[in-house]
Amino acid sequence: MRLLLLLPILVILLAGCAGGPMGPTPPLTSTEPAVSVTVQRSRSLWGAPATMLFSIDNRRVYGLRYGQQFSFLIDPGEYRFGYELGFNSCRQRAILDPGERYVVRLTPVCQIDVLRFGDLR
């Protein structure tokens, strides 16, 4: 009987372990220079065992594990970056300028920082 009670919990925990690509980033279609974006998950221990599911315009793109990052090219313009981590679902509007490089830092406390590469501290 106890095994039947633990089985759903085990399934939920294992589902949070998958990381890596989950879907395509938006295709490049603009004639303006593409934007380079690097997404970084913080090394906070809060939520460390779970995968952070990064999304662009509410479409899951990548599953980030503790301390991981990934990079991609995207057209300039306005986007809604977000992530899901456990019960947290966080979103941040970002306006990306042509030809720029950005770092998007994700923390498990619903903080999404979109920084130009030259502004990093």
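# Strands, core and charged pairs

Strands S2 and S5 run antiparallel and pair over six bridges. They belong to a predicted model. The protein has 121 residues, and 31% of them count as buried. One helix and nine strands make up its elements. The helix comes at the N-terminal end, and the strands follow: α-β-β-β-β-β-β-β-β-β. Among contacts with a separation of 6 or more, 57% join residues 24 or more positions apart.

**Strand S2 and its partners**

- In the pairing of S2 with S5, Val37 has Phe72 of S5 as its bridge partner.
- S2 also pairs with S8, here in the parallel sense, over six bridges.
- Val39 stands opposite Val104 of S8.
- Five of the seven residues of S2 are buried, so the rest of the structure largely encloses this strand.

**The five-stranded sheet**

- Strands pair through backbone hydrogen bonds, in a parallel or an antiparallel way.
- One open sheet has five strands in the order S1-S4-S3-S6-S7, and its pairing is antiparallel.
- S1 (20-21) and S7 (88-96) stand at the edges with a single partner strand each, so one side of each has no neighbour in the sheet.
- Two bridges join S1 to S4, and Gly20 stands opposite Gly63 in S4.
- S3 and S4 pair over five bridges. Ser55 has Arg60 in S4 as its bridge partner.
- The hairpin of S3 and S4 has two residues between the strands. In this hairpin, Asp57 takes a positive phi near 50 degrees.
- S3 (residues 52-56) pairs with S6 over four bridges. Phe54 stands opposite Tyr83 in S6.

**The nonpolar core**

- The largest nonpolar core holds 23 residues. Which of them touch the most other members? They are Val39, Phe54, Leu96 and Leu106.
- Strands S2 (35-41), S3, S4 (59-64), S5, S6, S7 and S8 (101-107) each give two or more residues to this core.
- S6 gives the most, with four residues.
- Leu106 has contacts beyond its neighbours within four places in sequence, including Val39, Met52, Phe54, Leu64, Tyr83 and Ile112.
- Polar or charged residues in contact with Leu106 include Gln40, Arg41, Ser42 and Gln111.

**Salt bridges**

- Side chains of opposite charge can pair when their charged atoms come close.
- The structure holds five salt bridges.
- Glu84 and Arg60 form one of them, at 2.7 Å from N to O. Glu84 lies in S6 and Arg60 in S4, so the pair ties together parts 24 residues apart in sequence.
- Both partners count as partly exposed: Glu84 has 26% relative accessibility, and Arg60 has 39%.
- Glu78 and Arg93 meet in another salt bridge, at 2.9 Å from N to O. Glu78 is in S6 and Arg93 in S7, so this pair ties together parts 15 residues apart in sequence.
- Arg93 is partly exposed, at 46% relative accessibility.
- Arg116 forms a salt bridge with Glu100, with the closest N and O atoms 3.4 Å apart. Arg116 lies in S9 (residues 111-116), Glu100 lies in the loop between S7 and S8, and 16 residues separate them.
- Arg116 is partly exposed, with a relative accessible area of 29%. Glu100 is partly exposed too, at 30%.
- Arg60, Glu84 and Arg91 form one network through salt bridges that share partners.

**Two loop residues**

- Asp75 sits in the loop between S5 (69-74) and S6 (77-85).
- Asp75 is buried but has no salt bridge. How far away is the nearest side chain of opposite charge? That side chain, Arg59, is 11 Å away.
- A polar atom of the Asp75 side chain lies 2.7 Å from the backbone nitrogen of Thr29.
- Not counting residues up to four places away in sequence, Asp75 touches Pro27, Leu28, Thr29, Ser30 and Val35.
- Thr51 lies in the loop between S2 and S3. Is Thr51 buried or exposed? Its relative accessibility is 5%, so Thr51 counts as buried.
- The side chains of Thr51 and Arg65 share a polar contact of 2.9 Å.
- Thr51 and Glu84 are 33 residues apart along the chain, and their C-alpha atoms are separated by 8.5 Å.

Technical notes. Residues are numbered from 1 along each chain as its sequence is written. This is a predicted model: local features need pLDDT of at least 70, side-chain atom pairs count only at pLDDT 80 or more; totals for chains, interfaces and linings use all residues. Side-chain values use heavy atoms; hydrogens and water are left out. Buried means under 20% relative accessible area, exposed over 50%, partly exposed in between (1.4 Å probe, protein chains only). Lys and Arg count as positive and Asp and Glu as negative; His and the chain ends are not counted. A salt bridge is a side-chain nitrogen of Lys or Arg within 4 Å of a carboxyl oxygen of Asp or Glu. A polar contact is a pair of N or O atoms within 3.5 Å; within protein, one must be able to donate a hydrogen and the other to accept it, and residues adjacent in sequence count only if both atoms are side-chain atoms. Contact means heavy atoms within 4.5 Å. Two strands pair if DSSP finds at least two bridges between them. A nonpolar core is a set of buried Ala, Val, Leu, Ile, Met, Phe, Trp, Tyr and Cys residues joined through side-chain atoms within 4.5 Å.
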